[in-house]
Amino acid sequence: MTRRDTILRYADEKWPEYRQIALDIHGKPEVSNYEFFACERLSEQMKKEGFSVQVDVAGHRTGFTASYKAAKPGPVLVFLAEYDALTGLGHGCGHNLFGATSCLAAAALRQVIDETGGEVRLYGTPGEEGGENGSAKGSFVREGFFRDVDAALCVHPGSDRHLPTTKSLGCAPVDIEFWGRPSHAASAPEKGINALDALILTYNGVNALRQHLTGDVRIHGIITHGGDAPNIVPEYAAAKFFIRAATAPRLEEVYRKVQRIVEGAAAMTGAKGRMQPYQNRVENTVQTPVFDAVYGKVLESLGEKMSVPDVNASIGSSDVGNVSQVVPTIQPMISITDTPTPGHSEAFKAAACAEKGLKSIALGAKALALTALELIEHPDTLAAVKADHQRALKAQETA
């Protein structure tokens, strides 16, 4: 039996177990930093698969690592697992499938890694949707979990087509706060310092900035606190903003511009102002077309076809971008429905526990494991992937 056959057979044999895992996680959705059930379900499964597992890593109590290292040397390949849900909606992004797929892919590759050499890892990364201690992949990168990694792989549940890794915007989620001085708004307004005025000046300053930004930049926010009573000069005001851009250098440039607006509003009103991140910054995704091409050929060998993405499609942000800034990374979209279905919707949530969605676990695991096998068995392919990644990194510096 060939290594390919071993992987395919194992994925088929184990799929019912992972199907149930996905259904269990779907039925008990958990948001960032609270994915206790999903973390335990997936990490315990990896222990059963013969991996060394560590829970509570990189500063994330619901994060985990699973690793299996062969005696023979070889590449270090990481599968990324997501399993958080959306607040108020549940698994409307299909992360119940995502986590199960990556775990099965790692388990399937482990069946041949002793023969090929190398190391297979799975990183359980909480909070991709953001929230409390969200965007864990940024922490995994910062804490050095990818320093010895050759490549990272995952597939994300998608609509009615298989798509290659798409672009994503970098995103800096920030808290903007102002502290003033309270006073009676009618009898002694001159004694007060209005924190809300400073925040409104900031909001309007951001609006004025927009006409001087490139088309990829997005800045959007909400006021979360504007005072306590109409007859009291607001002592405290707060907002949350997302600052997005297509490249890391541009994101940093815009971040500093917004920061100067906050400083200016503070100076104009006399309030004390502060802007700071409230979770990890999410970096833009660095695409590695050579890597996606390897995955695409594997997908075709499994009887499926990759579609061409719509160049005009809107894009969001994902912390897989943080990983792609340091190692070659793919996150193709795998179809879980037969009809166009928007993500973050009730319809997508339903698809994430329907039969086609559940079958995508086996398909995705096979495609990922076989793609990883290609990199292990063909060093020239891995070298080409790394070279393409370096080219893409340099290109974003001048974009």
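This is a working chat about the sheet, the cores and two helices of a predicted model.

User: Before we start, what kind of model is this, and how are residues numbered?

Analyst: It is a predicted model, in which local features need pLDDT of at least 70 and side-chain atom pairs count only at pLDDT 80 or more, while totals for chains, interfaces and linings use all residues. Residues are numbered from 1 along each chain as its sequence is written, and side-chain values use heavy atoms, with hydrogens and water left out.

User: OK, the sheet. What's the strand order?

Analyst: Six strands form an open sheet in the order E1-E2-E4-E3-E5-E11, with mixed pairing. Strands (E, at least two residues) and helices (H or I, at least four) are DSSP runs numbered from the N terminus, and two strands pair if DSSP finds at least two bridges between them.

User: And which strands are at the edges?

Analyst: E1 and strand E11 (329-330) are the edge strands, and each has a single partner strand, so one side of each is left without a neighbour in the sheet.

User: How do E1 and E2 pair?

Analyst: They are antiparallel, with five bridges, and Val 55 is found opposite Phe 64 in E2. Their hairpin has two residues between the strands, and Ala 58 there takes a positive phi near 55°.

User: Moving inwards, which way does E4 run relative to E2 and to E3?

Analyst: Strand E2 (residues 60-69) pairs with E4 in the antiparallel sense over six bridges, and Phe 64 stands opposite Gly 124 of E4. Strand E3 (residues 76-81) runs parallel to E4, to which six bridges join it, with Val 78 having Arg 121 as its bridge partner in E4. Between E3 and E4 the chain passes through helix H3 (residues 95-116), and this β-α-β crossover is right-handed, meaning that with the strands pointing away from the viewer the path from the first strand over the helix to the second runs clockwise.

User: What about E3 and E5?

Analyst: E3 and strand E5 (residues 151-153) are parallel and joined by three bridges; Leu 77 has Ala 151 as its bridge partner in E5.

User: Back to E4: is it buried or exposed?

Analyst: Six of the six residues of strand E4 (residues 119-124) are buried, so the strand is largely enclosed by the rest of the structure. Buried here means under 20% relative accessible area, exposed over 50% and partly exposed in between, with a 1.4 Å probe and protein chains only. Glu 119, Arg 121 and Tyr 123 point one way from E4, whereas Val 120, Leu 122 and Gly 124 point the other way.

User: Which residues have the most contacts inside the largest nonpolar core?

Analyst: They are Phe 79, Leu 109, Leu 122 and Ile 361, in a core of 63 residues. Such a core is a set of buried Ala, Val, Leu, Ile, Met, Phe, Trp, Tyr and Cys residues joined through side-chain atoms within 4.5 Å. Helix H10 (residues 355-377) gives the most to this core, with 13 residues. A second, separate core has 28 residues, including Leu 209 and Ala 239.

User: What does Leu 109 touch?

Analyst: Leaving aside neighbours within four places in sequence, Leu 109 is in contact (heavy atoms within 4.5 Å) with Ile 7, Phe 79, Val 120, Ala 369, Ala 372, Leu 373 and Ile 376.

User: Switching to H2, which of its residues are buried?

Analyst: In helix H2 (residues 36-48), the buried residues are Ala 38, Cys 39, Leu 42, Ser 43, Gln 45 and Met 46. Down the helix axis they fall within an arc of 155°, so they line one face of H2; the arc is that of the directions from the helix axis to the C-beta atoms. The face turned away from that buried side carries the exposed residues Glu 40 and Lys 48. What covers the buried residues of H2 includes helix H1 (3-27), strand E1 (52-57), E2, H3 and E4.

User: Last one, where is Thr 288, and what is it in contact with?

Analyst: Thr 288 is in the loop between strand E10 (272-277) and H7, and at 0% relative accessibility it counts as buried. Apart from neighbours within four places in sequence, Thr 288 is in contact with Pro 328, Thr 329, Val 385, Asp 388 and His 389.

Definitions and conventions: The expected span of a helix is 1.5 Å times one less than its number of residues.
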